[in-house]
Amino acid sequence: MELFSYLRATDISQATNAAGNQDARFIAGGTTLLDLMKLDVERPTQLIDVNRIGLDTIEKLPSGGLRIGALVRNSDLAHHPIVQSEYSVLSQALLAGASAQLRNMATTGGNLLQRTRCMYFRNTAMPCNKRTPGAGCSAIEGDNRSMAILGTSKDCIATNPSDMNVALTALEAVISIEGSRGKRDISIADFYLLPGSTPHIETVLAPGDLVTYVTLPTPRSKSKQIYLKLRDRASFEFALASAAIVAEVSGGKLTYIRVAIGGVGTRPWRSHEAEDALIHRSTDTATFQRAAETALRDAHPQSENAFKVELAKLCLTHALTLATRTA
């Protein structure tokens with residue numbers, strides 16, 4: 001770990017003004033950043049502690065939506081009564097991730113910005129375009145069992161590891177940001193970038209930008225919400241495939257549907273193709289299987305993760321079944 005300076009910010013303005021360079025990092029729970037600093041993957045020259053700037057509340061908005069502060073801990077968010085009752089897919093996803101101890105430290109903003117768990121990204125002895133642009137992608141010809149099959153490029157196949165982000169994608173969350181360009185709101189669909197030839201640029205954030213809030217739209221009062229996660233072991237493991245479903249059914253047909261899948265994409269993956277194949281269709285297994293085929297149509301598996309194509313289809317089909325069984 002390299003030497004760094006430390007600033008405890010007291011408000012948003014002080015934090016963003018202090019972070020206007022490439023080598024400064026915000027720190028809250030530290031559940032990802034500190035690990036990467038110990039591994040010599042992250043080498044900030046300055047840490048800006050944002051734990052005392054507010055942003056730790058969950059508020060019901062006059063519009064009916066929910067505003068979540070970026071410093072709300074994952075455990076508090078998962079167990080919040082409004083989240084559990086009106087945005088249950090988010091609560092389910094959070095409780096499926098990490099351990100209770102980590103959820104007590106990890107924050108909403110930190111989870112949004114969680115870095116990939118790719119072993120080559122985390123090992124500075126191995127080439128990685130995400131860590132060092134132009135170095136090459138070791139995973140393509142190496143150990144790629146857990147890597148992405150959607151949204152990949154010749155330069156990166158690393159998977160977005162977050163469960164929370166998949167649920168937020170299905171809920172169509174909006175992310176609020178403050179920084180040198182002022183305040184702006186960005187749909188989660190536009191927040192994450194595909195790797196392309198620049199995998200080191202993961203989001204639309206510029207140096208000094210701080211995530212302040214995540215806003216959820218007015219809840220779908222008649223919806224059934226499901227988060228299903230498939231993994232190698234039952235606890236404290238990242239998804240091989242997951243699915244977040246928000247569905248409404250009337251007369252045996254889907255009248256509203258949002259589908260996001262995780263564990264298989266370079267970013268949280270919204271499947272508009274699956275939604276188009278489902279809307280106004282009957283809630284039967286054949287329909288769900290066709291939608292799953294459509295969702296994985298453009299999958300590009302590597303040498304060790306072709307199984308993810310079928311696993312993701314099964315995951316999505318079963319999640320749709322669960323979401324419509326009593327909807």
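## A four-strand sheet

In what order do the four strands of the open sheet with strands 9, 10, 11 and 12 come? This is a predicted model, and here the order is 9-10-11-12, with antiparallel pairing. Strand 9 (224-230) and strand 12 (269-270) sit at the edges, and each of them pairs on one side only.

Take a look at where strand 9 meets strand 10: the two run antiparallel and are joined by seven bridges. One pairing to look for is Lys-224, whose bridge partner in strand 10 is Ala-247.

## The helix lying across it

Helix 12 lies across strand 9, strand 10 and strand 11, and runs at about 35 degrees to strand 10. This helix covers residues 307-325, and at 1.5 Å a residue its 19 residues should span 27 Å; the end C-alpha atoms are 27 Å apart, so the two agree.

Plenty to find here: the buried residues of helix 12 include Val-309, Ala-312, Cys-315, Leu-316, Leu-320 and Ala-323, along with Lys-308 and Lys-313. What covers the buried residues includes strands 9, 10 (241-250) and 11 (253-262), plus helix 10 (272-278) and helix 11 (285-295).

## A five-strand sheet

There's also an open sheet of five strands, ordered 4-5-8-6-7 and paired antiparallel. Strand 4 (58-60) and strand 7 (182-187) stand at its edges with a single partner strand each, so one side of each has no neighbour in the sheet. From one strand to the next, the twist averages 20 degrees.

At the strand 4 end, the partner is strand 5 (residues 66-69), paired in the antiparallel sense over three bridges. Here Ile-58 stands opposite Ile-68 of strand 5.

Definitions and conventions
Residues are numbered from 1 along each chain as its sequence is written. This is a predicted model: local features need pLDDT of at least 70, side-chain atom pairs count only at pLDDT 80 or more; totals for chains, interfaces and linings use all residues. Side-chain values use heavy atoms; hydrogens and water are left out. Two strands pair if DSSP finds at least two bridges between them. Axes are lines fitted to C-alpha atoms, for helices over the stretch in contact, and angles run from 0 to 180 degrees between N-to-C directions. The expected span of a helix is 1.5 Å times one less than its number of residues. Buried means under 20% relative accessible area, exposed over 50%, partly exposed in between (1.4 Å probe, protein chains only). Contact means heavy atoms within 4.5 Å.
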